[in-house]
Amino acid sequence: MSRIAGKPIKIPQGVKVVIENDTIFVEGPKGKLKRKFRNDKIEIQKNEDNITVITIASDSETKALQGLYYRLIQGMFTGVISGYEKKLHIMGMGYKAELKGKNLVLSLGFSHPVNFEIPEGLSINIELDKEKNSIITIKGIDKELVTNTAAKIRAIKEPEPYQGKGIRLFGEYVRRKAGKAVVK
């Protein structure tokens, strides 16, 4: 059961919110977002400076959806004000990333480079760390799009446990396994 979803969400300064039927439109300094919500058991009401998520039914699924909708609306506000960012670290000898137009080209030890098309609404930046490993920074206003894109890029070459090579989230710890022991 959600304890915070009954509280009103304060609309930040400089953000415009419009609710039409079961869709909410949010516009801020960084851009515009829209999201469609199921409208059968939950009602979203807008007052002059806040939004309230109200349940019509009282079952557990509706209470869970109330908390989800509350957090999704808060995330939309954060996105249009400051945006979201995810960093990926490419580890491995000869592994690299480069931008070519609207594609991210990854050289990850396969027989061919992997082309990843960058979704609309995201910006990707590539830089090198002190060990010459690539760091990919994904920025955007839609949290779901940013994290899903980071997960798709990471899934191309997940970090392996023996040498630690692959793509990992920045700061992610990969538990390493011991290799085969040499017998003399």
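1. Two strands count as paired here if DSSP finds at least two bridges between them. In this predicted model, strand 7 (residues 84–91) and strand 13 clear that bar with four bridges, and they pair in the antiparallel sense. If you want a spot to look at, I90 stands opposite I167 in strand 13.

2. Now zoom out to the sheet these two belong to. Four strands make up an open sheet, in the order 11-12-7-13, with antiparallel pairing. Strand 11 (122–128) and strand 13 (166–169) are the edge strands, each pairing on one side only. On average, neighbouring strands of this sheet are turned by 25° against each other, direction ignored.

3. Which helix lies across strand 7, strand 11, strand 12 and strand 13? That would be helix 2 (residues 143–156), with strand 12 spanning 134–140. Helix 2 runs at about 5° to strand 7.

4. K87 is worth a click. The charged end of K87 sits over the ring of F170, 5.6 Å from its centre. K87 also gives a handy sense of scale with L68: the two are 19 residues apart in sequence and 25 Å apart in space, C-alpha to C-alpha.

5. On to helix 1 (residues 60–81), where L68 lies. Is L68 buried or exposed? Neither label fits: its relative accessible area is 41%, and since buried means under 20% and exposed over 50%, L68 is therefore partly exposed.

6. Y69 is in helix 1 too, and it has a partner in F37, which sits in the loop between strand 4 (32–36) and strand 5 (42–46). The structure holds one aromatic pair, and this is it: F37 and Y69, tilted, at 4.5 Å centre to centre with 55° between the planes. The pair links distant parts of the chain, 32 residues apart. Both F37 and Y69 are buried.

7. Last, have a look at the hairpin of strand 2 and strand 3. Strand 2 (residues 16–20) and strand 3 (residues 23–27) run antiparallel and are joined by five bridges. E20 stands opposite T23 in strand 3. How many residues lie between the strands of this hairpin? Two, and N21 takes a positive phi near 50° there.

How values were computed:
Residues are numbered from 1 along each chain as its sequence is written. This is a predicted model: local features need pLDDT of at least 70, side-chain atom pairs count only at pLDDT 80 or more; totals for chains, interfaces and linings use all residues. Side-chain values use heavy atoms; hydrogens and water are left out. Axes are lines fitted to C-alpha atoms, for helices over the stretch in contact, and angles run from 0 to 180 degrees between N-to-C directions. Contact means heavy atoms within 4.5 Å. Buried means under 20% relative accessible area, exposed over 50%, partly exposed in between (1.4 Å probe, protein chains only). Rings of Phe, Tyr and Trp (its six-membered ring) pair if their centres lie within 6.5 Å; planes under 30 degrees apart count as stacked, over 60 as edge-to-face and the rest as tilted. A charge sits over a ring if NZ of Lys or CZ of Arg is within 6 Å of the ring centre and within 35 degrees of the ring normal.
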